[in-house]
Amino acid sequence: MTQSLSDIVKVTVQVSPLSAVNNTFDMGLIVGKSTVIAAATRVKVYSGTDDMLSDGWVGTEPEYLAAQMYFSQNPRPNKVAIGRWDGSGTETAVKAISACREANTDWYAAYLCDAAKADIIAISEYIETASPLSTYFYDTKDTEVPAGTAGNVMETLQKAKRHRTFGQYSTTAYAAVAAMGYAMGANTGLANSAFTLAYKSEVGVQPEALTTQPMNTILGYFGNVYTKYGATYNLLVKGTMADGVHFDEVLNLDVLTTEIQTSVMNALTTGPKIPQTEEGVSLLATAITAPCEAARTRGVIAPGVWKGAPVLGLKTGDTLATGYMVLADSLANQSQADRDARKSPPIYVPIKMAGAIEHVVIGVVVNR
């Protein structure tokens, strides 16, 4: 009888875990009360409206019409999630969006068909703390908005400083879906350069014929509107969230945050261990550097002068040559309790956003 080689040489095979995959931030969610999707299923993902028709949609449902607007944008998004609001019971709009979040974690931006003012305000509050990171798009044709009536939906969200809600005044149905579709299409694959929503065309949306006063009222609420400029331009202005921050900044920081988190998790899980030494902290810093470099390549981060408060060795007025730095406190400064808990020292990542030029002042000087 032949003896087993394992008595002398024993070989074990260890398969490395797959690296965590980032949320790609390129899919919108459209939610409505149509019954094509069962309440128990909650969310389905489609690659186009033909895909929806093949799955039983007739083509007249609000979700279908919104998806038609979504896929009409240029660049075209690759996919959409359609969610079910169970209108047969007492389910609120927020519960519907929350259930869609639990059923599918891949969508980044949400839109609710036929949302009432109270629904918009409630979803806006929920989306601020939703996990994974999310944004909310809504449109309103309420004349209280351009009239500046106290308590209108845009004023309410502005006062609440909603950071993750994009509102658009429009008399075209599903107008904000056009903005959402453009954003998801432009961000597909995260391989494209950074973009803004300002001055983009919304395919299928009629420009609003507004005079200066109501236009300024909407923009004063950090709302958005699609309107005519000059003789030939139909443009979306200004691409901002309810707190005045531009959508692209919210998106890009969400992408960077998630990529850093994923990169560090991969470092923690794919190796035997990260030693609690300066060399180990350097490994973490390297993991953080990769997504920062990717953001710099996309045009999100750019070189500039640091004008914030000092951060470890970075002083106010110092130049960030690459647009970012990865700074870690010394292990020598770490408390024994933190060391026993196997924590890393605090790591800071000061970044300089590239921003975008959206207003130009030109002086033409003529000499004869």
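## Charges over rings

The charged end of R101 sits over the ring of W107, 3.7 Å from its centre. For a charge to sit over a ring here, NZ of Lys or CZ of Arg has to be within 6 Å of the ring centre and within 35 degrees of the ring normal. K33 does something similar with W85: K33 lies over the ring face, at 4.2 Å from the centre.

## What kind of model this is

This is a predicted model, where local features need pLDDT of at least 70 and side-chain atom pairs count only at pLDDT 80 or more, while totals for chains, interfaces and linings use all residues. Residues are numbered from 1 along each chain as its sequence is written, and side-chain values use heavy atoms, with hydrogens and water left out.

The protein averages a pLDDT of 91, pLDDT being the predictor's confidence in each residue, from 0 to 100. Residues scoring at least 70 make up 93%. The weak spot to watch is residues 12-22, where pLDDT stays under 50. For that stretch the model has seven contacts beyond four places in sequence, a contact being heavy atoms within 4.5 Å. Where pLDDT is low, the predicted coordinates should not be read in detail.

## The overall picture

The protein has eleven helices and twelve strands. These are DSSP runs, numbered from the N terminus: helices are H or I with at least four residues, strands are E with at least two. Along its principal axes, the C-alpha trace spans about 85 × 75 × 45 Å.

Of the 368 residues, 45% count as buried. Buried means under 20% relative accessible area, exposed means over 50%, and partly exposed is in between, all with a 1.4 Å probe and protein chains only. Among contacts with a separation of 6 or more, 68% come from residues 24 or more positions apart.

## Aromatic pairs

Searching the whole structure turns up seven aromatic pairs. To pair, rings of Phe, Tyr and Trp (its six-membered ring) need centres within 6.5 Å; planes under 30 degrees apart count as stacked, over 60 as edge-to-face and the rest as tilted. F25 and Y108 have ring centres 5.0 Å apart and planes at 65 degrees, so they make an edge-to-face pair. This pair ties together distant parts of the chain, 83 residues apart: F25 is in the segment before β1 (28-32), and Y108 is in the loop between α3 (93-103) and β4 (109-112). F25 is buried at 2% relative accessibility, and Y108 is buried too, at 0%.

Y182 and F195 form another edge-to-face pair, 6.0 Å centre to centre with 75 degrees between the planes. Y182 belongs to helix α7 (residues 175-186), while F195 is in the loop between α7 and α8 (212-220), 13 residues apart. Both Y182 and F195 are buried. Elsewhere, ring pairs link F137, F166 and F247 into a cluster.

## Around β5 and the largest pocket

T135 lies in strand β5 and counts as buried, at 0% relative accessibility. Beyond its neighbours within four places in sequence, T135 is in contact with Y108, A109, A110, I127, R164, M241, F247 and V250. So two names from the aromatic section come back here, Y108 and F247, each in contact with T135.

The largest pocket holds about 350 Å³ of space. A pocket is found on a 1 Å grid over the protein atoms alone, as an open set of points where a 1.4 Å probe fits, with protein on both sides within 12 Å along at least five of seven lines; lining residues have an atom within 4 Å of a point. Its volume is the space filled by probe spheres set on the points, which are joined across faces, edges and corners. Of the 19 lining residues, D114, A115, D139, T140 and K141 are the closest to the pocket centre. β4, α4 (117-127) and β5 (135-140) each supply at least two lining residues, and β5 gives the most, with three.

## Three helix residues

A118 sits in helix α4 and is exposed, with a relative accessible area of 55%. The C-alpha atoms of A118 and A93 are 9.2 Å apart, with their positions 25 residues apart along the chain.

T262, in helix α9 (residues 247-270), is buried at 10% relative accessibility. T49 is found in helix α1 (residues 49-54) and is buried at 17%. Not counting residues up to four places away in sequence, T49 touches Y64, A67, Q68 and F71.
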